[in-house]
Amino acid sequence: MFEDGYKQRGLRNKLVKILQKKGISDPRVLAAIGKVPRHLFFDNALLEHAYQDKAFPIGEGQTISQPYTVAFQTEKLEIKPGDKVLEIGTGSGYQACILLEMGAKVYTIEYNRVLYERVRLFLPQIGYRPYFFHGDGSKGLPSKAPFDKIIVTAGAPIIPTALTEQLADGGILVIPVGNRERQTMIRIRRKGDTLVKEEFDNFAFVPLLGKEGWEG
Ligand code: SAM
């Protein structure tokens with residue numbers, strides 16, 4: 001049922017080369033992209049789409065992020081084995097699998113109940129076990145804070161204060177911030193009480209909803 005053979009591995013290796021050409025250089029991120037069977041997140045008929053560097057609809061008006069975007073955000077998170085990571089916007093679960101492959105302990109929260117129910121059944125079936133939560137991730141996950149790393153995979157209007165508050169000392173938040181159509185990737189690093197901000201390229205994410213996000 002969940003086939004992952006020669007053909008799929010070949011397509012994955014090609015995807016890794018494409019990402020390298022586009023500037024992804026962290027070998028651990030590339031190794032994780034080379035391992036996670038992205039085609040299992042697609043219908044059988046869509047195998048060719050699964051390993052193109054494109055976002056793809058997953059239902060409920062949401063998308064599985066483009067592999068380049070997943071790799072870019074993951075690289076900026078500087079994941080170390082054992083890191084406690086909060087992901088906001090579980091979506092298909094693909095990004096969570098990449099983080100797990102890199103040895104992180106992953107807490108992932110999804111606002112859309114249909115996607116949440118689907119992903120928490122599906123990921124364990126293919127061997128990935130993050131901690132799943134349903135709710136408004138713009139408020140973070142205070143009951144499990146602090147986190148070494150926080151990744152937001154939906155476009156935010158502002159940097160939610162709840163998220164910077166839930167960062168451990170030395171922790172990193174990666175979040176796309178902008179308008180509903182276009183966002184700049186921002187990295188925030190906590191150094192004691194100081195937050196150090198860096199800005200990177202532009203991306204186009206679906207909107208982050210909720211209290212510190214956009215109105216539904
Ligand atoms: N990380 C996902 C993946 O690997 O497939 C892609 C996520 S998709 C681009 C954005 C997701 O964020 C959607 O599933 C959407 O329902 C979710 N989302 C939007 N606002 C949210 C919020 N306030 N809390 C949690 N999830 C939210």
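In this predicted model, the ligand is surrounded by 28 residues (each with a heavy atom within 4 Å of it), and the closest are Ser92, Gln95, Glu110, Gly137 and Leu209. By class, that shell holds 11 nonpolar, 14 polar and 3 charged residues; here Ala, Val, Leu, Ile, Met, Phe, Trp, Tyr, Cys and Pro count as nonpolar, Asp, Glu, Lys and Arg as charged, and the others, Gly among them, as polar. Residues are numbered from 1 along each chain as its sequence is written. As the model is predicted, local features need pLDDT of at least 70 and side-chain atom pairs count only at pLDDT 80 or more, while totals for chains, interfaces and linings use all residues, and side-chain values use heavy atoms, with hydrogens and water left out.

Backbone atoms turn up right beside the ligand's nitrogens. A backbone N or O atom of Leu209 lies 2.7 Å from a ligand nitrogen, a polar backbone atom of Gly137 is 2.8 Å from one, and for a backbone N or O atom of Gly89 the distance to a ligand nitrogen is 3.0 Å. On its own the ligand has 600 Å² of accessible area, and the protein covers 99% of that (Shrake-Rupley method, 1.4 Å probe).

Among the secondary-structure elements (DSSP runs, helices H or I of at least four residues and strands E of at least two, numbered from the N terminus), β2 (62-64), β3 (84-88), α5 (94-101) and β4 (105-110) each give two or more residues to the shell. The largest share, 3 residues, comes from β2.

Conventions
Polar contact = N/O pair within 3.5 Å; in protein donor to acceptor, adjacent residues only side chain to side chain.
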